[in-house]
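Biologist: I'd like to learn how to read a model like this one, feature by feature. Could you walk me through it?

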Amino acid sequence: MLKELTKTRKKQFDVTIFQTPMFNQKKGYKQVYRIMVESADHDECLGSVFKKFNVLDRLPADFRGRYISTGDILYIDEGRRGQRYYQLQPGGWQEINRIHIR
């Protein structure tokens, strides 16, 4: 009830999508797309990006990658508040170290 009465403050997240040239590769991640996403937290941000880039009608016109799938990496930049990298695993999004992107 209290959650319904209080409004969660949404923030702007700078999200960059990294993909390998071919599906299921382990190395060779390259930046595919960059977008600003408004959401309350990282989980909501990851969910909205996944939904946007896995439906053909929602894809931006200038997007040249493939659908987001297992192994793809999302980089969330919050400016002074830090940077986080998430990789899509079979069980969901897992936070990873930057070292995986080369």
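Modeller: Gladly; we go from the overall fold to the sheet, then to a loop residue and a pocket. This is a predicted model, where local features need pLDDT of at least 70 and side-chain atom pairs count only at pLDDT 80 or more, while totals for chains, interfaces and linings use all residues. Residues are numbered from 1 along each chain as its sequence is written, and side-chain values use heavy atoms, with hydrogens and water left out.

Biologist: How many helices and strands are there in the protein?

Modeller: Helices (H or I, at least four residues) and strands (E, at least two) are DSSP runs numbered from the N terminus. Here the protein has 2 helices and 5 strands, running α-β-β-α-β-β-β from the N terminus on. Its C-alpha trace spans about 45 × 30 × 25 Å along the principal axes.

Biologist: In what order do the strands form the sheet?

Modeller: Strands of a sheet pair through backbone hydrogen bonds, either parallel or antiparallel. Two strands count as paired if DSSP finds at least two bridges between them. In this case the order is E2-E1-E3-E4-E5, an open sheet with antiparallel pairing. Strand E2 (30-39) and E5 each have a single partner strand, so one side of each is left without a neighbour in the sheet. From one strand to the next, the twist averages 30°. H2 packs on this sheet, touching strand E1 (11-19), E2, E3, E4 and E5, and its direction makes about 120° with that of E2. For these values, contact means heavy atoms within 4.5 Å; axes are lines fitted to C-alpha atoms, for helices over the stretch in contact, and angles run from 0 to 180 degrees between N-to-C directions.

Biologist: Which residues are the bridge partners of Ile76 and Tyr75 in E4?

Modeller: Ile76 pairs with Arg84, and Tyr75 with Tyr85. In total, 5 bridges join E3 to strand E4 (residues 83-89). The hairpin of E3 and E4 has 5 residues between the strands, and there Gly79 takes a positive phi near 70°. E4 and E5 also form a hairpin, with 2 residues between them. Another 5 bridges link E4 to strand E5 (residues 92-96), and Leu88 stands opposite Trp93 in E5.

Biologist: Now a loop residue: is Leu59 buried, partly exposed or exposed?

Modeller: Buried means under 20% relative accessible area, exposed over 50%, and partly exposed in between, using a 1.4 Å probe and protein chains only. Leu59 has 23%, so Leu59 is partly exposed. Leu59 lies in the loop between helix H2 (42-52) and strand E3 (73-77). Leaving out residues up to four places away in sequence, Leu59 touches Lys52, Phe53 and Tyr67. Across the whole protein of 102 residues, buried residues make up 35%.

Biologist: Which residues lie nearest the centre of the largest pocket?

Modeller: On a 1 Å grid over the protein atoms alone, a pocket is an open set of points where a 1.4 Å probe fits, with protein on both sides within 12 Å along at least five of seven lines; lining residues have an atom within 4 Å of a point. Here 14 residues line the largest pocket, and Gln25, Lys26, Tyr29, Gly71 and Gln87 lie nearest its centre.
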